Amino acid sequence: MVGTGIAGTTTAASLRQQGYDGRLLLVGSEPHPPYRRTALSKEVLQGTKKLDSVWLKPASWYADHDVELLTGTTVTALSPGAVQVSGSDLRTDAVVLATGGLARRLTASPGAEVLRTADDAQTLLPRLLPGARIVVVGAGFLGAEVASSAVARGCSVTVLEAAQAPLGRVLPPSLGALYTALHRSRGVDLRLGTGLGSTRPGTVTDTSGTVHAMDVLVVAVGQAPQTRLAEQTGLLVRDGIVVDAHGRTSLPGVWAAGDVAAFPDRVTGAPRRLEHWQSAMSQGASVARNLLGADTPWTELPWCWSSQHGVDLQVCGNPGTDDDLVLRGRVEDGTVTAVFARDGRLTGAVTIDRTSDMRALRRLIVDAPGTPLALLADEGVDLAQVA
Amino acid sequence: MKIWRCQQCGYEYDEAQGWPEDGIAPGTPWEDVPDDWSCPDCGAAKSDFDMVLVAA
């Protein structure tokens, strides 16, 4: 396994769980043991959890399961049947690429902070002091969570977002507006339709020409899949490493999982990279089973979550901004479920502080995608019963 | 009997219900759930759960 995130770690754990008793190497360039990356922008930045309380596995787990963990180690070359690790060649029966992504940076501010790794979080954490002026570029999941955590630390936070609402990749405009209101009500100076223009010591100027005082600049504009090793090896790469539904790359014996992998979309079949914990984990588990000879295509419904200002947000499926939608509950109440459909088939759902709805809807969208939207709009209908 | 919530995805472990799918019998208190057990929904570690107070 190349990569010590949730995809690589789950692959290793699942191989053992399935009874594989050969040698297992988990190799990653990060200096820490595998940790829960989703905690960085939330509990870790808020200061409520330290890095050593978000390890994915207890310290003894690796020895107990005979998994050789090589941290701070980069795989420099890959060929059929072998990898090059720290200058020496290791024979392999299979390789799983789970190299994840790197934070994108902006040319206008190459030295700005980013948040992708535990080390990024450790750098940022001591700078989020009460009263510190934090400017965040990007209001996707990551930027919105950083803003929320910085506010919780007593910072003065400005967010610059190019779109007309935060979380635009996952939320329709009506729910985006709810998040605009949420962030502003908690004191975030959320600027929409603007971006990073230029920076000087102590200030940033946005693309509308407004100058913002700044002690710390955080750029949260997405990630770029870490495909260098795959490209260098000649694997088919299109945005991510292209794999079939079983996780096989274009080179026999080489598999991929997690943020770096483009699995066939469960609806369209087109290669599609996801950047969520749940898909990374379940892809790793599928690849492990397939490596051992099973036939388990990965077809899971995408599902992700976020927490901002104490409000739980969950999204499943691929809700499109122009899909039909019904609401359970009222947007004005701040706790609402939205269910989406296109051409009479359910496409996804969003829950805001209504986690129990999500459980039922995830099942329903997979098992009964033809369920009429109108039925789900009725709050009297128990979703768990329908599912 | 207490309820423990996964901080990551919101799944709730109810001691009264246990989680029989993983061999955890109904009535198993949290401290007796194995340390390497993970959230059945999202796979987060046992240490990522917090106790929630439930109105009686």
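**Exercise 1. Find which helix gives the largest share of the lining of the second largest pocket, then describe that pocket.**

*Solution.* Let's start with the share itself: H1 of chain A supplies seven residues to this lining, the largest share. Keep in mind as you look that this is a predicted model.

Next, see who else takes part. Helices H1 (6-17), H8 (277-291) and H9 (355-367) of chain A are the elements that each give two or more residues to the lining.

Now take in the whole pocket. Its volume is about 1400 Å³, and 44 residues line it. Nearest its centre lie A:Gln17 and A:Met281, together with B:Ser38, B:Cys39 and B:Gly43.

Finally, sort the lining by class: 16 residues are nonpolar, 14 are polar and 14 are charged.

**Exercise 2. Work out the strand order of the three-stranded open sheet in chain B, and explain why one side of S2 and of S3 has no neighbour in the sheet.**

*Solution.* A reminder helps here: strands of a sheet pair through backbone hydrogen bonds, in a parallel or an antiparallel way.

In this open sheet of chain B the order reads S2-S1-S3, and the pairing is antiparallel. Strands S2 (12-14) and S3 (49-52) of chain B stand at the edges with a single partner strand each, so one side of each has no neighbour in the sheet. On average, neighbouring strands are turned by 30 degrees against each other, direction ignored.

To finish, zoom in on one pair. Strand S1 (residues 3-6) of chain B joins S3 of chain B in the antiparallel sense over four bridges. You can also look for B:Trp4, which stands opposite B:Met51 in S3 of chain B.

Conventions: Residues numbered from 1 in each chain as written. Chains lettered and ligands numbered in written order. Predicted model: local features only at pLDDT ≥ 70, side-chain atom pairs only at ≥ 80, totals over all residues. Heavy atoms only, no water. 1 Å grid on protein atoms, 1.4 Å probe; cavity = no way out; pocket = protein on both sides within 12 Å on 5 of 7 lines; lining within 4 Å. Points joined across faces, edges and corners; volume = space filled by probe spheres on them. Nonpolar A, V, L, I, M, F, W, Y, C, P; charged D, E, K, R; others polar. Pairing = 2+ DSSP bridges. Axes fitted to C-alpha atoms, helices over the stretch in contact; angles between N-to-C directions.
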